[in-house]
Amino acid sequence: MLESIKKLRELTGAGMMDVKKALSDAGNDEDKAVALLRERGIVKAAKKADREAKEGLVRFVVSGNNAAMVEVNSETDFVARNADFQALVESLAQAALKAKTNDLAEFKQFKLDSGDSVETAVAAAAGTIGENLVLNRVAYVEGQNVAGYVHSNGKIGVLVDLAGGQEQQAKDVALHVAAERPQYLSRDEVNAEDIEKEREILTNKAINEGKNPDLAAKIVGGQIGKFYEERVLPEQKFVKDNSLTVGKYLGDTAISRFVRFEIGA
């Protein structure tokens, strides 16, 4: 059995679990197993695996205060607009909600209602659709006030969880995250070494421009503040009302977590 698995993996490029299942379904007949792998699109997908997949879709599902999101990449935008591909991505988002995991490797082995793993389903779809398809990322969020948002024809997806607040606030923050690309939830998340390096660069730049050290320090202090304002979510100008920061828009409501997927990022 092990020898047959090794032989078929080398012959077809298929994964171990796919080969093992095909052999089992074929009663250990190697020729029939290869035929099954071809029928399931797995051989075809393996031959495409070295082609870059830079397009694709992000989809999310929210159920109560639970949400999941996936990013699946394709080679072309044409396939990203294909109904079968879109149905695949939707089904994977639903599966991610059931799997309740942020671990991509774990999610790939999650069993669908069909009995196939997520990984096998993606490989089979690649064979049917005719392009390399890559399940790139998965996210699962469970909290108090969860919302999602998809932007730019499915190229950007966001999940947000607020510690309380209104449903509309969570949706607004999700929209904001999609548009403004925050990197951090708080200043504490920013690497101190990165800040010091930025401070040193800005200080040297100011001095080289003829500023005295005291004035340079004041200028750099303002520029570091701007650095935070551009990257830390609660400090960003709220996209729906630039007179407010996101933090002021939310008031006493805190942001527990946000996840942002962007195709190609």
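**Close-up views of a predicted model**

**View A. The annotated span, residues 67-264.** In an unreviewed entry, UniProt lists residues 67-264 as "domain: Translation elongation factor EFTs/EF1B dimerisation". The model shown here is predicted. Helix makes up 47% of residues 67-264, and strand makes up 24%. The C-alpha atoms at the two ends of this span are 22 Å apart.

**View B. The hairpin of β1 and β2.** Strand β1 covers residues 55-63, and strand β2 covers residues 66-74. The two strands run antiparallel. Nine bridges join them. One of the paired positions is Val-61, whose bridge partner in β2 is Ala-68. Two residues lie between the strands of this hairpin. Gly-64 sits in the turn and has a positive phi of about 65 degrees. In a regular strand, side chains alternate between the two faces of the sheet.

**View C. Two domains of the protein chain.** Domain 1 spans residues 1-46, and domain 2 spans residues 55-142. Their C-alpha centres lie 23 Å apart. Eight residues from domain 1 and seven residues from domain 2 take part in the contact.

**View D. The interface of domain 1 and domain 2.** About 550 Å² is buried between the two domains. Carbon and sulfur atoms give 56% of that area. On the domain 1 side, α2 (16-25) and α4 (42-48) each supply at least two of the residues that touch domain 2. How many salt bridges does the rule find across the interface of domain 1 and domain 2? The count is zero. For polar contact, the rule finds one residue pair across this interface, with both residues at pLDDT 80 or more.

Definitions and conventions
Residues numbered from 1 in each chain as written. Predicted model: local features only at pLDDT ≥ 70, side-chain atom pairs only at ≥ 80, totals over all residues. Heavy atoms only, no water. Pairing = 2+ DSSP bridges. Helix = DSSP H or I, 4+ residues; strand = E, 2+ residues; numbered from the N terminus. UniProt positions renumbered as here; feature names shortened; annotations may be inferred. Domains from an automatic or database assignment. Contact = heavy atoms within 4.5 Å. Buried area = accessible area lost by both parts, 1.4 Å probe. Salt bridge = Lys/Arg side-chain N within 4 Å of Asp/Glu carboxyl O. Polar contact = N/O pair within 3.5 Å; in protein donor to acceptor, adjacent residues only side chain to side chain.
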